[in-house]
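Hi there,

Here is the structure I promised to pass on to you. Have a look at it first, and then read on for my notes on what turned up.

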Amino acid sequence: MLAYVAAALFALAYLLLATGTSTETWCSPTALGFVGLAVLAAHLGGASSRLGGRRHR
C-alpha cells in the first residue's frame, strides 16, 4: 500500500516539474520527491506489513 502512495507522490512531483507550475516551498517537486522516497523506504523496510491486514501463521 505504501508503494502506491510513493508512486502517486512521484507522479505528482513529475507533473508539477514538467508543467513548471509555481508552488509553495512545502509542495515543491523536490519536497514531494523526498517524501516519496521516504514512503518508499518505509515500504521496503516492511512498515506496511505492520499496518494491518491478514496475518499469516
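Right after helix α1 comes G20, and its phi is positive, near 70°. A similar note goes with the other helix: α2 is followed by G46, with a positive phi near 95°. Please keep in mind as you read that this is a predicted model.

Overall picture

The chain holds 2 helices and 0 strands. Of its 57 residues, 19% are buried. The surface that the chain exposes comes to about 4600 Å², and 65% of that is supplied by carbon and sulfur atoms. I also looked at contacts between residues at least 6 apart in sequence: 53% of them join residues at least 24 apart.

Helix α1

This helix runs over residues 2-19, and its 18 residues should span 26 Å at 1.5 Å a residue; the C-alpha atoms at its ends are 26 Å apart, so the two values agree. Which residues of α1 are buried? They are L2, A6, L9, A13 and L16. Looking down the axis of α1, you will find these buried residues within an arc of 90°, so they line one face of the helix. On the face turned away from that buried side sit the exposed residues Y4, Y14, A18 and T19. As for what the buried residues of α1 pack against, the partner is α2, residues 29-44.

T19 deserves a moment of its own. This residue belongs to helix α1 and is exposed, its relative accessible area being 55%. A polar atom of the T19 side chain lies 2.8 Å from the backbone oxygen of L15.

Helix α2

The second helix has 16 residues and reaches 22 Å from its first C-alpha to its last, close to the 22 Å expected at 1.5 Å a residue. Its buried residues are L32, G33, G36 and V39. Around the axis they cover an arc of only 125°, which means that they are on the same side of α2. The exposed residues T30 and F34 are carried by the face turned away from the buried side of α2. Among the things that cover the buried residues of α2 is α1.

Where the helices meet

G33 is a good place to look at the packing. This glycine lies in helix α2 and counts as buried because its relative accessible area is 15%, below the 20% cut-off. What does G33 contact once its neighbours within four places in sequence are left aside? The answer is F10 and A13. Between G33 and A13 the C-alpha to C-alpha distance is 6.2 Å, although they are 20 residues apart in sequence.

A31, also in helix α2, can be set beside A13 as well. The C-alpha atoms of A31 and A13 are separated by 8.3 Å, with the two residues 18 apart along the chain. A31 is partly exposed, with a relative accessible area of 23%.

Further along α2 there is V39, one of the buried residues of that helix. Not counting residues up to four places away in sequence, V39 touches L2, V5, A6 and L9.

The nonpolar core

In soluble globular proteins, nonpolar side chains tend to be buried together. Here, the largest nonpolar core has 8 residues: L2, A6, L9, A13, L16, C27, L32 and V39. Both α1 and α2 supply at least two residues each to this core. The largest share, 5 residues, comes from α1.

If you open the model, you could begin with the buried face of α1, made up of L2, A6, L9, A13 and L16, and then turn to L32, G33, G36 and V39 on the α2 side. I would be glad to hear what you make of it.

Best wishes

Technical notes
Residues are numbered from 1 along each chain as its sequence is written. This is a predicted model: local features need pLDDT of at least 70, side-chain atom pairs count only at pLDDT 80 or more; totals for chains, interfaces and linings use all residues. Side-chain values use heavy atoms; hydrogens and water are left out. Helices (H or I, at least four residues) and strands (E, at least two) are DSSP runs, numbered from the N terminus. The expected span of a helix is 1.5 Å times one less than its number of residues. Buried means under 20% relative accessible area, exposed over 50%, partly exposed in between (1.4 Å probe, protein chains only). The arc is that of the directions from the helix axis to the C-beta atoms. Contact means heavy atoms within 4.5 Å. Accessible areas come from the Shrake-Rupley method with a 1.4 Å probe; for residues, only the protein chains shown count as cover. A polar contact is a pair of N or O atoms within 3.5 Å; within protein, one must be able to donate a hydrogen and the other to accept it, and residues adjacent in sequence count only if both atoms are side-chain atoms. A nonpolar core is a set of buried Ala, Val, Leu, Ile, Met, Phe, Trp, Tyr and Cys residues joined through side-chain atoms within 4.5 Å.
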